[in-house]
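Reader: I am new to this structure and should be grateful for a close look at one part of it. Please proceed from a single residue to its surroundings.

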Amino acid sequence: MLETLLPIVILASLALAGLGAWRRISLWRQGRAAPVALFKGLMALPRRYLVDLHHIVERDRYISHTHVATAGGFVAAAVLTLVVHGLGLAGGVLGWLLLLASAVMFAGSILVAKRRINPPARLSKGAWMRLPKSLMAFSAGVFLVTLPTVGVLPPDAGYWLLGLVLLAVVSGGLAEMFFGMTWGGPMKHAFAGALHLAFHRRPERFSTPTGAGRSTGLKALNLDDDKAPLGVEKPTDFTWNQRLGFDACVQCGRCEAVCPAFAAGQPLNPKKLIQDMVVGMVGGSDAGYTGSPYPGKAVGEHHGDPHGPIVAREGQALLDAETLWSCTTCRACVEECPMMIEHVDAIVDMRRHLTLERGQTPNKGAEVLENLIATDNPGGFDPDSRLHWAADLNLPNIADLGQVDVLLWLGDGVFDMRNQRTLRAFVKVLRAAGVDFAVLGNAERDSGDVARRLGDEATFQALAKRNIATLNQYQFLRIVTCDPHSFHVLNNEYGELGGNYHVNHHSTFIAELYREGRLAFKPWKGGSVTYHDPCYLGRYNGEYDAPRDVLKALGIEVREMQRSGYRSRCCGGGGGAPITDIPGKQRIPDMRMQDVGDTGADLVAVGCPQCTAMLEGVVDATAEVRDIAELVADALMTSPARVQAEEVTA
């Protein structure tokens with residue numbers, strides 16, 4: 001009986017899965033066109049899935065082992081089930097391999113079941129709670145029906161009733177694994193996720209022979225195309241592979257667990273946002289969502305339509321505007337996502353519509369953007385006062401020299417008294433090392449970072465093009481800046497507009513100068529120190545070692561916070577968050593200073609003017625905040641040559 005009915009069930013499941021796949025692909029293709037390398041992406045899929053993706057999954061060893069057993073066993077068992085039972089090709093070792101694959105999958109499903117006994121709050125519940133049973137049904141059912149095929153049991157073993165029970169078990173597993181994979185359900189991520197990896201919006205994120213690696217710069221809008229939407233207003237305005245990426249979400253909640261806005265009680269949960277985008281593709285309500293809601297927002301009160309606005313001008317829609325404005329663009333969600341979904345790209349795309357089309361940048365957002373247009377800086381200061389803080393420093397101007405080794409990009413710290421101290425300290429370091437440097441002076445404009453994060457792509461591109469035109473007048477080997485936000489924009493986002501430069505963060509450059517023997521330091525006699533990783537230096541640009549190398553050179557042994565490196569908690573100063581100022585239950589910088597306090601450190605070293613401002617704004621902070629440049633400047637010996645002379649005479 002099984003020999004007759006099982007192939008019919010398997011082939012019927014495949015046919016229904018094929019129809020579901022066609023339907024799902026049609027939903028994705030309703031998005032805007034996006035060029036992808038179809039064949040190249042498919043050929044790269046095995047490596048992306050087995051190496052690049054698994055590298056992120058491996059951060060959680062339990063889930064890593066579960067994923068290897070369950071996913072690997074399923075892929076092998078599904079293919080072999082089709083061959084052995086669907087096509088009747090059970091000769092040789094195929095049947096035994098199917099037994100092995102289904103047994104491995106069953107072992108993985110036990111790990112999944114164990115995880116779901118008392119699941120973490122970040123995991124979605126609902127249909128996901130039945131997943132272990134479905135995995136067990138498929139793997140155990142396939143294992144049992146294969147035993148007669150390999151001769152372990154006689155072909156007519158059992159009665160027809162047992163055969164029907166086994167057929168029902170296998171059918172239930174097939175329904176979840178194949179039918180649910182394409183029509184909707186917990187296994188949907190397996191189908192969408194594989195294609196998402198193949199046709200990823202940022203293929204350069206994956207390992208390549210040339211090691212291209214990290215990709216974090218926002219994609220530019222074509223402002224010359226009158227037909228192109230300015231940002232994303234409705235679900236169909238996303239590119240088709242962005243929509244595909246939304247469907248790849250496994251609802252594990254790792255993004256939720258690291259989101260600073262969610263932890264602060266602001267109305268943002270990156271996992272919920274991605275699921276709302278899925279609702280927008282098909283239309284309906286978020287009432288079926290079974291994970292953590294946006295803080296302060298009840299599940300079921302948002303509704304969407306594939307061709308309707310994501311954020312309504314009035315009334316209900318998929319999202320509230322304040323959800324988008326809560327994001328600090330720290331990329332913690334993107335860094336943690338085991339499916340490599342680009343949450344921040346989607347958020348900024350939607351902000352672009354609110355800013356460019358509706359003019360709805362909240363709180364001080366409109367004022368800051370107006371200042372950038374009128375004065376080239378967000379504070380609205382007189383552009384000609386950019387160097388007033390350095391009147392006594394006699395800074396060399398590149399306009400007078402034409403060519404230097406290092407162009408010092410000052411950034412908008414020049415208008416803030418606290419960050420002027422950092423700049424003065426860094427100038428002292430450059431001069432101590434004998435660096436040939438100069439500044440642009442009043443010709444320097446805001447890099448455009450805050451305009452771009454707030455969604456004002458037009459102002460960003462205007463500032464960037466003017467800066468590029470200025471920079472291209474001169475010759476220099478590299479740009480160095482104390483501001484990770486300027487560093488990121490100059491290094492990763494100006495290139496698309498024609499500005500390609502070698503850019504360093506000041507910590508990287510100081511570390512290089514020390515290695516070359518151009519700096520010498522007095523022994524550290526201060527208290528204990530911890531280090532805060534700026535998001536735009538670490539997660540955006542992968543620079544974690546240089547600041548620590550500098551601190552080590554100073555004789556400092558860093559007391560690492562629990563959340564450091566790629567898992568560093570944001571200070572709350574990125575993405576225009578201090579400007580939009582969406583309230584929550586607590587402040588993000590207060591949480592970060594609590595992390596500092598937990599180390600018992602007397603001082604927290606930073607490398608970003610935004611981080612300095614946010615952390616120094618914490619009331620009753622237990623640690624002093626100092627930029628790395630300030631620590632280095634205070635520790636400078638007269639010169640390396642003097643050190644050598646003293647060693648000779650000793």
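Is T323 buried or exposed, and what is its relative accessibility?

Author: The model shown here is predicted. Within it, T323 counts as buried because its relative accessibility is 0%, and the cut-off for a buried residue is under 20%. T323 belongs to helix α12, which spans residues 321-325. A polar atom of the T323 side chain lies 2.7 Å from the backbone oxygen of P267. P267 also appears among the contacts that T323 makes beyond its neighbours within four places in sequence; L268, L273 and Y294 complete that list.

One of these partners, L273, leads to the nonpolar interior. The largest nonpolar core has 142 residues, and L273 is among those with the most contacts inside it, together with L319, M350 and F426. M350 in turn touches both L273 and L319. Apart from residues up to four places away in sequence, the other contacts of M350 are V232, F238, M277, I310 and L324.

Charged pairs offer a second view of the surroundings. Side chains of opposite charge can pair when their charged atoms come close. Across the whole structure, 45 salt bridges are found. In one of them, D392 pairs with R424, with 2.7 Å between the closest N and O atoms. This pair links distant parts of the chain, 32 residues apart: D392 is in the loop between α15 (365-375) and α16 (398-401), whereas R424 is in helix α17. D392 is exposed because its relative accessible area is 55%, while R424, at 31% relative accessibility, counts as partly exposed.

A salt bridge also joins the side chains of R418 and E616, with an N to O distance of 3.0 Å. Here the partners are 198 residues apart, R418 being in helix α17 and E616 in helix α25. R418 counts as buried because its relative accessibility is 10%; E616, with a relative accessible area of 37%, is partly exposed.

Helix α25, residues 609-616, also has buried residues, namely P609, C611, T612, M614 and L615. Their cover includes helix α17 (417-432) as well as α20 (484-493), α23 (577-580), α24 (588-599), β8 (603-606) and β9 (624-627). Helix α17 therefore meets α25 in two ways: R418 of α17 pairs with E616 of α25, and α17 is among the elements covering the buried residues of α25.

Key
Residues are numbered from 1 along each chain as its sequence is written. This is a predicted model: local features need pLDDT of at least 70, side-chain atom pairs count only at pLDDT 80 or more; totals for chains, interfaces and linings use all residues. Side-chain values use heavy atoms; hydrogens and water are left out. Helices (H or I, at least four residues) and strands (E, at least two) are DSSP runs, numbered from the N terminus. Buried means under 20% relative accessible area, exposed over 50%, partly exposed in between (1.4 Å probe, protein chains only). A polar contact is a pair of N or O atoms within 3.5 Å; within protein, one must be able to donate a hydrogen and the other to accept it, and residues adjacent in sequence count only if both atoms are side-chain atoms. Contact means heavy atoms within 4.5 Å. A nonpolar core is a set of buried Ala, Val, Leu, Ile, Met, Phe, Trp, Tyr and Cys residues joined through side-chain atoms within 4.5 Å. A salt bridge is a side-chain nitrogen of Lys or Arg within 4 Å of a carboxyl oxygen of Asp or Glu.
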